[in-house]
Amino acid sequence: MDLYFAPLACSLATRIALYEAGAQARFIQVDTLTKQLAEGGDFFAVNALGQVPVLREDDGWTLTENSAVLPWVADRFPEARLAPPAGTRERARLHQWLGFIGTELHKAVFVPLLGKDVDEAVKDYARGKIARRFDLLAHHLESRTFLLDAFSVADAYLVTVLNWAPYVGIDVSQWPAIAIYAQRVRERPAVARAFAEEYELFKRTPH
Ligand SMILES: N[C@@H](CCC(=O)N[C@@H](CS)C(=O)NCC(=O)O)C(=O)O
């Protein structure tokens, strides 16, 4: 299994899931600006959108989109219990949180704020969405250890996205429940290892 990734990008969530599962995988680094692979080659040939994550199984089958890749990894390694069983309400909640993280946080808030050539008016529009979304999250996490009853791939995605907060001027300490949650998740050995490895790669990557 191969994971196409960029250091500290959203593909980190899949690396975390693979480490949590103890899965064997090859990690192929992508420059998301030039769309070149670190080992040489055109990333557009892998994903026409030029986006990570892309997961490739050994027979060449590929899957994109965090909301599909993360549950797929969870289902491939069921003994790791990274997602609730299919058909349960708790599984429906997993997809609810993956949708929230992907659309309401990743795309609606962080993408415009992380973008280098984004107009200030667009950034202001994105900033206007922070409070309601972070308040909702904080309220949910006040009485919980993880998003669901146990650690899941949704936590892997959320902690990946929250890591971008300081880069866009969001002070997560305004929401203590979120800050404490993120710290707790990042202390998990698989999560800490994934972050440490990608930080090293990030430092060596031109931005
Ligand atoms: N809808 C995709 C979005 C993935 C995405 O935004 N990936 C970013 C990194 S976090 C990327 O590859 N950006 C480069 C680009 O959009 O050109 C998903 O959820 O997987």
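**Ligand contacts and domains in a predicted model**

Colleague: What makes the pair formed by Gln51 and the ligand a polar contact?

Modeller: A polar side-chain atom of Gln51 lies 3.0 Å from an oxygen atom of the ligand, and because a polar contact is a pair of N or O atoms within 3.5 Å, this pair qualifies. The model is predicted, so local features need pLDDT of at least 70 and side-chain atom pairs pLDDT 80 or more, whereas totals for chains, interfaces and linings use all residues. Residues are numbered from 1 along each chain as its sequence is written, and side-chain values use heavy atoms, without hydrogens and water.

Colleague: Which atoms of Glu65 and Asn66 are paired with the ligand?

Modeller: In Glu65 a side-chain N or O atom is 2.6 Å from a nitrogen atom of the ligand, while in Asn66 a polar backbone atom is 2.8 Å from an oxygen atom of the ligand. Of the 510 Å² of accessible area that the ligand has on its own, the protein covers 76% (Shrake-Rupley method, 1.4 Å probe).

Colleague: Why are Cys10 and Pro53 counted among the residues around the ligand?

Modeller: Both belong to that group, because a residue is near a molecule if one of its heavy atoms lies within 4 Å of it. The shell divides into four nonpolar, four polar and three charged residues, and Cys and Pro count as nonpolar.

Colleague: How do you know where the domains lie?

Modeller: The bounds come from an automatic or database domain assignment, which gives domain 1 as 2–81 + 191–203 and domain 2 as 89–188. Their centres, taken over C-alpha atoms, are 20 Å apart, and the contact (heavy atoms within 4.5 Å) takes 21 residues from domain 1 and 17 from domain 2.

Notes. A polar contact is a pair of N or O atoms within 3.5 Å; within protein, one must be able to donate a hydrogen and the other to accept it, and residues adjacent in sequence count only if both atoms are side-chain atoms.
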